[in-house]
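Here are some friendly notes to help you find your way around this model. Have it open beside you as you read.

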Protein chains: 2
Amino acid sequence: MELLNNFSRIEIETPVDKIIKQIKVLITSGQLKPGDRMPAERKLCEKLGVGRTHLRDAIKKLEFYGILKTMPQSGTVVAGMGITALEGLISDVLMLEANDFHALVETRVVLEVNSARFAAMRRSDQDIKQMTNALHDYEKAVSNGEDTVEHDLMFHLKIAEASSNSALKSLMLIISPDILTYFKESNACAGDRPISALEEHYIILEHIKNQNPDEASATMKNHLQDILDYSLSQNQLVEMKIGKA
Amino acid sequence: MELLNNFSRIEIETPVDKIIKQIKVLITSGQLKPGDRMPAERKLCEKLGVGRTHLRDAIKKLEFYGILKTMPQSGTVVAGMGITALEGLISDVLMLEANDFHALVETRVVLEVNSARFAAMRRSDQDIKQMTNALHDYEKAVSNGEDTVEHDLMFHLKIAEASSNSALKSLMLIISPDILTYFKESNACAGDRPISALEEHYIILEHIKNQNPDEASATMKNHLQDILDYSLSQNQLVEMKIGKA
DNA sequence: CTGATTAGATTGGTTGACCAGTTAAAGTAA
DNA sequence: TTACTTTAACTGGTCAACCAATCTAATCAG
């Protein structure tokens with residue numbers, strides 16, 4: 001066993017995370033109610049004992065998740081949702097990054113199976129062209145023995161685009177970097193896998209082209225099943241090492 | 001027709017968005033390859049003709065999406081993924097917020113139906129307790145005639161939590177603020193809807209408790225079908241107004 | 001010539017001062 | 001007293017200077 005595996009991930013509590021926790025306390029303790037204006041940045045950062053830069057970063061992060069809303073030269077207000085919802089949201093913003101591989105792949109399958117279904121229902125001719133191009137790029141990479149992971153993912157992203165659902169596509173994009181990282185690290189797509197994957201891609205494309213939603217999603221599910229099984233075994237490996245190292 | 005509806009949303013191109021576009025050009029034009037170190041912040045912001053603050057904000061945003069990685073006192077590097085994938089990612093980071101209501105709800109249905117299935121498979125006793133509590137809060141809000149939207153969503157988030165899939169839950173969290181906003185704006189949950197929703201919630205919880213994945217997900221799908229239909233009609237309304245206003 | 005050492009240039013991180021727009025209180029005329 | 005105007009304090013946004021860690025390359029002992 002590699003020595004490296006005996007080390008567990010060190011949790012770094014960034015200043016920003018600490019500040020977000022503090023803001024959460026302000027809200028849950030009732031000092032800051034939904035709809036209220038936040039204290040001025042200068043005063044708040046002094047009260048919290050941190051630099052304004054960090055506080056602004058924290059605000060920006062919470063703003064991204066729709067929890068705060070800041071108006072230039074006017075003030076920052078707490079979103080008008082209930083305290084319970086806010087509380088739950090904030091506490092989870094903090095540990096949003098802690099994805100494990102299997103959960104990630106499982107979620108990907110959920111998104112992709114439905115992307116394929118919607119794509120088969122709504123694809124335009126333009127979409128077909130784009131998917132075909134992406135597939136050809138993938139095929140070229142396979143036959144040249146190049147790295148195929150990105151081209152593979154690119155084809156899948158084109159399907160998401162063809163689904164005509166911007167939200168679905170956005171979520172695919174959000175998980176894509178992690179997918180790529182994990183796949184490259186673990187060498188998930190080695191050996192003959194790319195070749196068989198290529199065939200499956202062609203079948204999926206055909207079903208989408210012929211507007212067969214059920215067949216498209218079923219083939220996609222089948223296509224991703226191998227990876228799902230693989231991710232499960234990987235996770236169990238990791239758990240073994242962590243548990244009894 | 002209200003006069004307000006004749007106005008369409010004004011797109012504000014923030015400095016940060018402009019910078020992200022510029023960085024995209026740098027990458028796609030090959031001047032910046034994956035794995036490369038970015039130019040120093042000072043030099044780059046001078047070249048782009050913007051303040052360093054804005055550049056740093058842009059970098060932070062791209063870092064959040066896993067496109068860049070910055071090491072303190074050392075430099076910022078482009079993530080080691082393929083150019084093709086990067087290209088798709090960056091152009092879509094910009095319009096991630098432009099979700100239309102129907103796409104959002106459709107995506108929500110996809111996530112939730114599977115959350116319910118996984119929750120039924122893997123829920124712990126602790127999860128049951130949390131979901132039950134959330135449901136009781138919701139019931140209380142309904143009988144008090146309070147605003148129920150957040151409590152409703154909170155119950156659904158607890159289901160996502162019970163799914164034991166951190167990625168799935170994270171995605172639910174990401175779309176939650178938008179869901180809330182849209183629902184409140186359009187008064188989607190008015191009249192008797194909360195009461196019938198409450199009943200359906202109890203049925204879903206029961207299926208999850210009894211570990212019936214198929215029933216749980218089917219009931220969830222049914223539960224969300226009304227909202228999906230409603231969102232479709234809303235979208236068509238908006239399209240009419242935009243198209244021929 | 002080789003290796004370690006060190007001084008300086010360069011990096012991202014942080015800070016405090018300044019800017020322009022907003023707000024609300026104080027002042028003033030009716 | 002009321003309604004409008006002025007003004008001063010306060011807001012988030014921006015910027016330039018500074019900090020400590022890092023990297024680079026010239027220097028010097030062996």
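1. The surface near DNA strand C is made of three nonpolar, nine polar and four charged residues. Please keep in mind that this is a predicted model. Of the 16 residues around strand C, those that come nearest are A:G51, A:T53, B:A40, B:E41 and B:Q73. Two or more residues of this surface come from each of α3 (52-64) of chain A and α2 (41-48) and β2 (75-78) of chain B.

2. Now turn to DNA strand D, which has 17 residues around it. The nearest are A:A40, A:E41, A:Q73, B:G51 and B:Q73. Here α2 (41-48) and β2 (75-78) of chain A, along with α3 (52-64) of chain B, each give at least two residues. Four residues of the strand D surface are nonpolar, nine polar and four charged.

3. Next, take a look at α3(A). Its 13 residues reach 18 Å from first C-alpha to last, close to the 18 Å expected at 1.5 Å a residue. Buried within α3(A) are A:L55, A:D57, A:A58, A:I59, A:K61 and A:L62. After the helix comes A:G66, with a positive phi near 75°.

4. Finally, the interior. In the largest nonpolar core there are 77 residues, and A:A116, A:A119, A:I208, B:A116, B:A119 and B:I208 have the most contacts inside it. Apart from that core lies another of 16 residues, with A:I19, A:L32, A:A58 and A:I67 among them.

5. Which residues does B:I208 touch, leaving out those up to four places away in sequence? They are B:A116, B:A119, B:A120, B:R123, B:A162 and B:A216.

Definitions and conventions: Residues numbered from 1 in each chain as written. Chains lettered and ligands numbered in written order. Predicted model: local features only at pLDDT ≥ 70, side-chain atom pairs only at ≥ 80, totals over all residues. Near = placed C-beta within 6 Å. Helix = DSSP H or I, 4+ residues; strand = E, 2+ residues; numbered from the N terminus. Nonpolar A, V, L, I, M, F, W, Y, C, P; charged D, E, K, R; others polar. Core = buried A, V, L, I, M, F, W, Y, C linked by C-beta atoms within 7 Å. Buried ≥ 20, exposed ≤ 12 C-beta atoms within 10 Å, placed from the backbone. Contact = placed C-beta atoms within 7 Å. Expected span 1.5 Å × (residues − 1).
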